Amino acid sequence: MIEIEERVRRGLSAAAATQDVPVGFDDRVAHRVSAVRRRRVVGRGALVAVVLAVVIGGVVAFRQDPSSRTTVTGGPATGVTTAPGRHPMSGAPIPPRFEALSIAMGNRVLVWGGYADHARVDGAVYDAGDGSWKNVPASPLSSGDAIGAWTGREAIVVTGERDSTVAAAYDPVSNSWRKLATPPLHNAASAMNHAVWTGTELVVLGVADEGDNIATVSQVAIYDPATDRWRAGTPPTQSLPDFGDAVWTGSEIAVVGHIGASGSSVGRDIVQVYNPRTDQWREVPWGLDGVRSNMVVAWTGTRLFIGGGSRLGVALRDAALVDLATATWWLAPDAPIAFEGNNRYGELWTGTRVLTLNGENATPLTFDPSTLTWQVGPAAPGAVRRDEVSWAWAGTSRTAVVWSGGLTTNEGSGITSCCTPIQGGETFTPPS
């Protein structure tokens, strides 16, 4: 693995050397390589010099929405409070960690797994209604990395790697776990896998490493809780993104991400759509300028929201709404601040707004697709960006729950390392 990591580092450095890159890009590259090492995710081969974005074949229907206009409510990120508030959380009964999984269960949030000085296999439940925590019992799960989703009755969690994946269901009413059938997955413990609940089944899709070599393999597995059975789905012809997001539209799963070297202009951005009922894939032609990584992706109920992200280490402000049936893209107004996505865990949909907590200076940012307006803040005094942190939308309380995460530190010579676990957490309640 060390040899592969060095090849990735050298390749990214060589690519960056051919470009006029912004200050801080080298730190971003080192941070990504560090994350790749920790997640046991391997690259796709030696990288070549950075090239211009690949032009995607096919016709893209692209329109400027006639009602589009930049309307910013409230003040800039540095000052005015424009949302109901953000508040510190009470202390949790488990140690802080990064890369934990958070699953919203109505008014409660299950936090499980992650890493601190070692892989964590414990968890706790936070009640957003009264701010209380409770421990959860030991589970049949086996790894600090995890993916999962809420079924409406149980939280299904999948862990494991190298053909040793394990699945279990947590029942918040009885505060108990039950082991599920073994998933047909090569590797579930990866930042490149996603778990999506369709209303009747859990669909796990993403990219797994192929042993210890550079090749990767896309995988799809579908779980039916009614029968406690898994079935293998068909991967797309085009590889799934190494890092990205997956959202349920009500009938299909939209997968959005960057294929190629993360953070650079190598490769291309892609929207892939999967129908678990027919086991078929299709691709929606791309419609935003340039290539990017770390995008914010959310389903608004009628259209797919895609925006922000970063290019060569610089965060972006543009965004679009996409009709997946017609492949039509509508430009949204640019956001008042640059923003990035949380592509390991996805973004939040409040029922009326897209919410990301990765605006400039860790400032919350919301977008209302019905009015095409943005709202910033409030910024937290002295707030730090929580890297490798999961968040969850406690819909009953209408609040975002963010606990622990990691602080990226500078190891010298422009090399960064994630993470030092952050104590505590916060809740954020956006406008209603």
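The following exercises, with worked solutions, concern strands, cores and a pocket in a predicted model.

**Exercise 1.** Determine how strand 8 is joined to strand 9, and which residue stands opposite Ile 147.

*Solution.* Begin with the extent of each element: strand 8 covers residues 147-150 and strand 9 covers residues 155-159. The two run antiparallel and are joined by four bridges. Next, locate Ile 147; the residue opposite is Val 158 in strand 9. Finally, examine the connection: strands 8 and 9 form a hairpin, with four residues between them. In this turn, Gly 152 has a positive phi of about 105°.

**Exercise 2.** Trace the pairing of strand 17 with strand 16 and with strand 18.

*Solution.* First take strand 16, which runs antiparallel to strand 17 and is joined to it by six bridges. Phe 243 stands opposite His 258 of strand 17. These strands also form a hairpin with four residues between them, and Gly 250 in the turn has a positive phi of about 110°. Then turn to strand 18: its pairing with strand 17 is antiparallel and extends over seven bridges. Here Gly 257 has Ile 270 in strand 18 as its bridge partner. As a last step, consider exposure: seven of the seven residues of strand 17 are buried, the cut-off being under 20% relative accessible area.

**Exercise 3.** Identify the members of the largest nonpolar core that touch the most other members, and the strands that supply at least two of its residues.

*Solution.* The core has 18 residues, and those touching the most other members are Val 271, Leu 304, Ile 306, Leu 324 and Trp 329. At least two residues come from each of strand 17 (253-259), strand 18 (268-275), strand 20 (296-299), strand 21 (304-307) and strand 24 (319-323). Now follow Ile 306: leaving aside residues up to four places away in sequence, its contacts include Val 256, Val 271, Trp 286, Met 295 and Trp 329. Apart from this core lies another, of 16 residues, including Ala 149, Val 158, Trp 197 and Ala 221. In soluble globular proteins, nonpolar side chains tend to be buried together.

**Exercise 4.** Describe the largest pocket by its volume and by the residues of its lining.

*Solution.* The volume is about 1,000 Å³. Of the 31 lining residues, Ala 149, Ala 195, Ala 246, Tyr 345 and Glu 347 are the closest to the centre of the pocket. Sorted by class, the lining has 22 nonpolar, six polar and three charged residues. Strand 12 provides the largest share, five residues. Among the strands that each supply at least two are also strand 4 (101-105), strand 8 and strand 16 (243-248).

Methods:
Residues are numbered from 1 along each chain as its sequence is written. This is a predicted model: local features need pLDDT of at least 70, side-chain atom pairs count only at pLDDT 80 or more; totals for chains, interfaces and linings use all residues. Side-chain values use heavy atoms; hydrogens and water are left out. Two strands pair if DSSP finds at least two bridges between them. A nonpolar core is a set of buried Ala, Val, Leu, Ile, Met, Phe, Trp, Tyr and Cys residues joined through side-chain atoms within 4.5 Å. Buried means under 20% relative accessible area, exposed over 50%, partly exposed in between (1.4 Å probe, protein chains only). Contact means heavy atoms within 4.5 Å. On a 1 Å grid over the protein atoms alone, a cavity is a set of points where a 1.4 Å probe fits but cannot get out, and a pocket is an open set with protein on both sides within 12 Å along at least five of seven lines; lining residues have an atom within 4 Å of a point. Grid points are joined across faces, edges and corners, and a volume is the space filled by probe spheres set on the points. Ala, Val, Leu, Ile, Met, Phe, Trp, Tyr, Cys and Pro count as nonpolar, Asp, Glu, Lys and Arg as charged, and the others, Gly among them, as polar.
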